[in-house]
Amino acid sequence: MNDIQIANHRNDDEIDLAQLMKTLWLGKKTIIGSIFLFTIIAITYALAAQQWWTSSAIVTTGQYSNIASLRQQVANFYVVSNNNNNKDKNTDQHNITEMNKLLNSNEMLRQYVMEFNAFNNKKSFILSNPIMKEYANKANKKKEMLFVNNWAKKIQASLTDKKENGVYTLFYQATDSELSHQLLLSYSQFIDKKVKKDVFDGLAAVIRNQTLIFKSQLLSLEIQAKELKQQELVKTDYALKIANSAKANKPMPQMNNNQLFSIDLGSEGLSEKSKILKQMTDLSLFEPSIIMIRSNLDILSTIKLNSKTKFEPISYLQNIGYPITRDKPKRALIVILGLLLGGMFGVAIVLLKSAFGK
């Protein structure tokens, strides 16, 4: 092969830029038509596609003043817990720990976020909220679970900044700005109401548990006191018999009263003591702790939880607002992609026609 043939061969294999541009210019109508067609399709899709907007709010732990009224209602619980001389200190400490946990701001925030993200709460809200019911009614019953799952994914609470604990952003995505705001507001109120109910139920349960413990202690002490009373009565009756046999009618101050059946009171005194023991109803003389337990029960009975008490389990750093921009569809991006795709498709057609034409 000579030099001229080699040069011609190389020219055939290399892309002639001028020829390429000429080919594209000749096929400009096809390219422009393709761009126009794809742009129209992109615009139509961007306008017809379902819109999605996300409303959000930022929350953190509640202030001490937010739950001050609630703390005041259970103040007497701490009084009886600290005054209790119960031998089982672990039980008392457990109840105090549970009470502190229920009234802890960080714990309330944790519970709020947990309930906000709980699937069962999302499902309950989606199937009960009037707005969501309208969407649900359009869904086939067989597809109801799929409908719930899809919408549940649009409700979320997550850390605003992973480096900063205790600050969360609440999200609710819906088909328009107004609806997104309204649904997030309704769902937040739904969760707020549930958390408050859980707190009240928890407080009532702890108080009820402490009351049952005191009642059990009181019952145990009363049984012990009755046994002590009965023992004292038996000892007194035996001593009375001995005193009668010894004809010791009057008290004997100088007599040693450390004996099992002491007769130092004399038969007359022992007889009166026996009568008093039989008539006695105040068992606290034998078990003084009964007085404290009864006092604690009386104090606990004064605790009246008012479920209508207003308190805020969380604080809003940023209130629930209206979304400013759409999440989907990104119309400008869709149109630009359609324009680019149309251009590439048009160029591809022109080049293929040219290649097959040759």
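Visitor: Before we start, what is a salt bridge here?
Guide: A salt bridge is a side-chain nitrogen of Lys or Arg within 4 Å of a carboxyl oxygen of Asp or Glu. By that criterion, Glu115, Lys194 and Asp198 are linked in a network of salt bridges in this predicted model.

Visitor: How many salt bridges does a search of the whole structure find?
Guide: The search finds seven salt bridges.

Visitor: Within that network, how far apart are the closest N and O atoms of Lys194 and Glu115?
Guide: Their closest N and O atoms are 3.5 Å apart. The pair links distant parts of the chain, with Lys194 in helix α11 and Glu115 in helix α7, 79 residues apart.

Visitor: Is Glu115 buried or exposed?
Guide: Glu115 counts as buried because its relative accessibility is 11%, and the cut-off for buried is under 20%. Lys194, at 27% relative accessibility, counts as partly exposed.

Visitor: Why do such side chains pair at all?
Guide: As a general matter, side chains of opposite charge can pair when their charged atoms come close.

Visitor: Staying with helix α7, which residue forms a salt bridge with Arg110?
Guide: Arg110 pairs with Glu107, and the closest N and O atoms are 2.6 Å apart. Both residues lie in helix α7, which covers residues 105-117, and they are three residues apart, about one turn of the helix. Glu107 is buried, with a relative accessible area of 18%, whereas Arg110 is partly exposed at 43%.

Visitor: And Glu232, which partner does its side chain meet?
Guide: The side chain of Glu232 meets that of Lys273 in a salt bridge, at 2.7 Å from N to O. Glu232 sits in helix α11 and Lys273 in helix α12 (residues 266-279), so the pair, 41 residues apart, links distant parts of the chain. Glu232 counts as partly exposed at 24% relative accessibility, and Lys273 counts as partly exposed at 28%.

Visitor: Let us change topic. How many residues does the largest nonpolar core have?
Guide: The largest nonpolar core has 55 residues, and Phe116 and Tyr172 have the most contacts inside it. Helix α11, spanning residues 177-246, gives the most to this core, with 15 residues.

Visitor: What does Phe116 touch?
Guide: Leaving aside residues up to four places away in sequence, Phe116 touches Lys122, Ile155, Gln156, Ala157, Leu170, Phe171, Leu184, Tyr187, Ser188 and Ile191. There is also a second, separate core of five residues, among them Ala239, Leu240, Ala243 and Leu270.

Visitor: Which residues make the nonpolar surface patch?
Guide: Leu333, Ile336, Leu337, Leu339, Leu340, Leu341 and Met344 make a nonpolar surface patch of about 680 Å². Met344 is found in helix α14, residues 331-357, and is exposed, with a relative accessible area of 55%.

Visitor: Finally, confidence. What is the mean pLDDT of the chain?
Guide: The mean pLDDT is 81, and 86% of the residues reach 70 or more. Among the elements of the chain, α7 has the highest mean pLDDT, at 94, and helix α1 (residues 3-13) the lowest, at 47.

Visitor: Where does pLDDT stay under 50?
Guide: It stays under 50 over residues 1-13, and for that stretch the model has one contact beyond four places in sequence.

Conventions: Residues are numbered from 1 along each chain as its sequence is written. This is a predicted model: local features need pLDDT of at least 70, side-chain atom pairs count only at pLDDT 80 or more; totals for chains, interfaces and linings use all residues. Side-chain values use heavy atoms; hydrogens and water are left out. A nonpolar core is a set of buried Ala, Val, Leu, Ile, Met, Phe, Trp, Tyr and Cys residues joined through side-chain atoms within 4.5 Å. Buried means under 20% relative accessible area, exposed over 50%, partly exposed in between (1.4 Å probe, protein chains only). Helices (H or I, at least four residues) and strands (E, at least two) are DSSP runs, numbered from the N terminus. Contact means heavy atoms within 4.5 Å. pLDDT is the predictor's confidence in each residue, from 0 to 100. Patches are made of residues with over 30% relative accessible area and no salt bridge: like charges are joined within 9 Å, nonpolar side chains (Val, Leu, Ile, Met, Phe, Trp, Tyr) within 5 Å. Accessible areas come from the Shrake-Rupley method with a 1.4 Å probe; for residues, only the protein chains shown count as cover.
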